[in-house]
Amino acid sequence: MSAPKNPGLLEEGEEEESYGMAESMDPELYRATTEGDILEFIKAMEHGTLHRHYHSSAGCVQLGPQKNTVLHIATRCGHYEIVKLLCKDLPFYVAEKNSKGDTPLHIAARAGDSLLVTLLINCDWREGALELENEEGNTALHDALGHSHRKVAWILINKNPSAWYSVNKEGKSVLYLAAEAGYVDLVKLLVDNPVGNCSVEGSFRNKSADQSSFNLGCDEGRNALHFSASVGFLDGVNFLLSHFCAATYQRDICGLFPIHTASSEGHVDIIQGMLQHCPDSRELLTLQGQNIFHVAAKSGNDKAVSSMLKMPELEKLLNEKDDDGNTPLHLATICGHPRIVSALTWDERVDLELINKDRLTALDIAEEYMETMASFQKRLTWMALRVAVALRSPHTRSPHTNVSRQTSSAGQNAELENYKDKVNVVLLVATLVATVTFTAGFTVPGGYNNSDPDQGMATMLAKLKFQEFVICDTIAMYSSIIVTVTLICTQLGDPSSMHVALKLVLPLLAIALAMMSIAFMAGLYVVVSKVSWLGLIILVMGSNVVIVLAALFVPLCFLGSSNYRIFCQLSYFPFRLLLYAFGSYTERDESED
């Protein structure tokens, strides 16, 4: 099938007179190809124009602006009859590349069209086309796997088993891409037949092949086992371990072994599988000297840590130190993961007194954060350590004590400003509580009697809930006044006493807020008590608010001001409530914000 040359186009070897001239295809041929009109296509091919000679044995090739041949276009449009005709009469089109280096086979593989792929690989020129790479270094098999087209990948591997050796520009091998896509059967096929002696229809052969190709990884140095572990591909991991356990001991460029990757992602089943196949993999360390407990604690996978705590074979790793002397508990504290800190501190095997190279325990590190405007995540972490009665370093009463002695005047001024801000916040809240409770004392629920003999007396005076309202409102009023006066005196006096003053007034402020909440609940109940269901709702809502207040203030008051074990343990249940309510948010969402 050929056509006469268009006089307006260039012969091979001729020079273009116009710089940057783009190539173009015969309009009728292009239109027939895109529309899939087989009769018009044949007519256009027989009478159309050609751009340049390709090979004397191959006839002529027409190219569009992006160097697409008619086979590229027909493949992209999915016109099977035209593709079939071209593969039969002009098979060399299969090896033609466009401006992106794609052959028609690349296009069909990315589209996941198994029929088109079958047509293309069954023509006479398919041998070279199967191994041709585009500008990204991908063969058609790479593209099929990269776009999760399993059936097409099977066809290509079966047609050319040796093609899976190639690695694209990202450093990803075919095995890596198969593991990434989660295709267990393809991974098994490739693993069992590393020299390419495989057939989808036939049995697997050559089990003793060279497996050095399993070391092929991406630009990050990750092999197929790394990626399978990162995505939780258990079947793939087990199969790779049974055939190539050496991959377990290969680091990526970040210094992580596959078991560290699984630990970082929280895939406990993968960790168990690796320990079963390679028991000594528990001893593998990152470039920072960190084991799998370190990695899990640092990454914030509390479920992984909790599960690994139940594995007796990992017990010796709990108190190991990395190159900086940090244990997993230190790292969880530094990164602010309260759930992990809580799980570790309540495990009797974890030593809470261990210090790192800076001579700091986990509690010392947490208290350093508390001296600044620590996030709620950091505060929960500190609470977890205090509730478990963690100890400070024996070398110093608290890490921030030594720091404060050595800091410059500028640092001391910054710390003083920090305390002033805290005092102002507490003072503002206390003033508001005093104002609200004072107003409520003279606008009591139900109002006052306007007639003798009880003129001026509250109409609801005999009600038990009204009496509760009066008592709680009074306590809230006087507690907030004491807080306000104490903080005013502190600001007018010695600024260094602010720290002590805050410890004294926080419990009083907590009492004032709780009493104000109870007073509101009691007063509102008095005026709606005739509607029983409404009164019940008010009591339930009010009780829940008081519980939440206790959960917030009890740990803050007792943990910060007392070193006695009994007071720390009293804060356990309020802390657990806080951790249940806010622990998930602080570990995941806050880091994203």
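This is a short talk on the salt bridges, the cysteines, the annotated regions and two spots around the helices at the C-terminal side of the chain.

Keep in mind that this is a predicted model.

Let me start with charges. How many salt bridges are there? The count comes to five. I will take some of them in turn.

One of them is local. E28 and R31 pair through their side chains, with N to O at 3.1 Å. Both residues sit in helix α1, which spans residues 27–35. They are three residues apart, about one turn of the helix. Now exposure. E28 has 45% relative accessibility, so it counts as partly exposed. R31 is at 38%, so it is partly exposed too.

Next, R110 and D143. Their closest N and O atoms are 2.8 Å apart, and they form a salt bridge. This pair links distant parts of the chain, 33 residues apart. R110 belongs to helix α5, residues 104–111. D143 belongs to helix α8, residues 140–146. Is D143 buried or exposed? It is buried, because its relative accessibility is 4% and the limit for buried is under 20%. R110 is partly exposed, with a relative accessible area of 25%.

Then R349 and D347. This is another salt bridge, with the closest N and O atoms 2.8 Å apart. R349 has a relative accessible area of 27%, so it is partly exposed. D347 has 13% relative accessibility, so it counts as buried. There is also a network: D102, R110 and D143 are joined by salt bridges that share partners.

On to cysteines. A disulfide is a covalent bond between the sulfur atoms of two cysteines. How many disulfides does the model have? The count is zero. Two cysteines for reference. C87 is buried, at 9% relative accessible area. C335 is partly exposed, at 28%.

Now the annotations. UniProt, in an unreviewed entry, lists "repeat: ANK" at residues 100–122, 170–193 and 324–344. I looked at two of these ranges. Residues 100–122 are 70% helix and 0% strand, with end C-alpha atoms 24 Å apart. Residues 324–344 are 71% helix and 0% strand, with 19 Å between the end C-alpha atoms.

The unreviewed UniProt entry also gives "transmembrane region" for residues 425–448, 468–492, 504–527 and 533–559. Again, I have two ranges. Residues 468–492 are 100% helix and 0% strand, and their end C-alpha atoms lie 36 Å apart. Residues 504–527 are likewise 100% helix and 0% strand, with end C-alpha atoms 36 Å apart.

What does V423 touch, setting aside neighbours within four places in sequence? The contacts are L487, Q491, M498 and L502. V423 is in helix α23, residues 409–442. At 0% relative accessibility, V423 is buried. Take the M498 contact. The two residues are 75 apart along the chain, yet their C-alpha atoms are separated by 7.4 Å.

Last stop, the surface. V531, W533, I537 and M541 form a nonpolar patch there. Together they have about 420 Å² of accessible area. I537 is in helix α26, residues 532–561. Why does I537 count as partly exposed? Because its relative accessible area is 39%, and partly exposed lies between the 20% and 50% limits.

To close, two contrasts. V423 is buried at 0%, while I537 is partly exposed at 39%. D143 is buried, while its salt-bridge partner R110 is partly exposed.

Methods. Residues numbered from 1 in each chain as written. Predicted model: local features only at pLDDT ≥ 70, side-chain atom pairs only at ≥ 80, totals over all residues. Heavy atoms only, no water. UniProt positions renumbered as here; feature names shortened; annotations may be inferred. Helix = DSSP H or I, 4+ residues; strand = E, 2+ residues; numbered from the N terminus. Patch = residues over 30% accessible without salt bridge, like charges linked within 9 Å, V, L, I, M, F, W, Y side chains within 5 Å. Areas by Shrake-Rupley, 256 points an atom, 1.4 Å probe, with all protein chains shown as cover. Salt bridge = Lys/Arg side-chain N within 4 Å of Asp/Glu carboxyl O. Buried < 20%, exposed > 50% of the residue type's maximum accessible area, 1.4 Å probe, protein only. Disulfide = S-S within 2.5 Å. Contact = heavy atoms within 4.5 Å.
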